[in-house]
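Reader: Got a fold to go through with you. Can you pull it up?
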Amino acid sequence: MGIDDYGGGPGAQQTGVLVVTTNDVPGYRVEQVIGEVFGLTVRSRHLGSQIGAGLKSMIGGELKGLTKTLVETRNQAMDRLIEQATARGANAVLTMRFDVTDAADVGTEVCAYGTAVVLVPAAG
């Protein structure tokens with residue numbers, strides 16, 4: 001995976017939905033608040049990667065297999081968030097956040113959530 005693979009989800013140019021962690025977007029105003037949207041995924045732990053991670057943690061360094069899995073999981077949650085926002089008629093999601101929790105000791109739950117809105121250019 002290259003450096004671009006470790007970034008955020010797809011951009012607005014690809015999806016038609018702008019996703020930001022801020023409360024507003026300079027140059028735009030919120031015309032309509034649609035409401036909360038989220039994208040959720042649960043990934044089980046792979047025994048081989050857990051053993052490898054355990055061994056790697058003894059000597060230090062990045063756990064590249066787990067990093068790759070987390071990036072893929074977060075991107076899947078973002079894709080689902082964008083799908084839900086699009087289905088509800090939004091062109092943006094404000095105050096997007098991630099929540100990561102253990103799911104009953106069998107995996108990791110990643111939830112991307114935010115407020116779906118319709119943005120329009122600000123007059124001026």
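Reader: Which residues have the most contacts inside the largest nonpolar core?
Author: Val37, Leu81, Ala85, Val93, Met96, Ala112 and Ala116, in a core of 15 residues. A nonpolar core is a set of buried Ala, Val, Leu, Ile, Met, Phe, Trp, Tyr and Cys residues joined through side-chain atoms within 4.5 Å. Buried means under 20% relative accessible area, with a 1.4 Å probe and protein chains only.
Reader: Any ground rules?
Author: This is a predicted model: local features need pLDDT of at least 70, side-chain atom pairs count only at pLDDT 80 or more, and totals for chains, interfaces and linings use all residues. Residues are numbered from 1 along each chain as its sequence is written, and side-chain values use heavy atoms, leaving out hydrogens and water.
Reader: Which element gives the most to this core?
Author: Helix 3, with 5 residues. Helices (H or I, at least four residues) and strands (E, at least two) are DSSP runs, numbered from the N terminus.
Reader: What does Ala85 touch?
Author: Val17, Val37, Ala90, Val93 and Ala116, skipping residues up to four places away in sequence. Contact means heavy atoms within 4.5 Å.
Reader: Switching to the sheet. What is the strand order?
Author: 1-3-4-2, in an open sheet with mixed pairing. Two strands pair if DSSP finds at least two bridges between them. The edge strands are strand 1 (18-19) and strand 2 (28-44).
Reader: How many bridges join strand 2 to strand 4?
Author: 15, and the two run antiparallel. Glu36 stands opposite Thr115 in strand 4.

How values were computed. Buried < 20%, exposed > 50% of the residue type's maximum accessible area, 1.4 Å probe, protein only.
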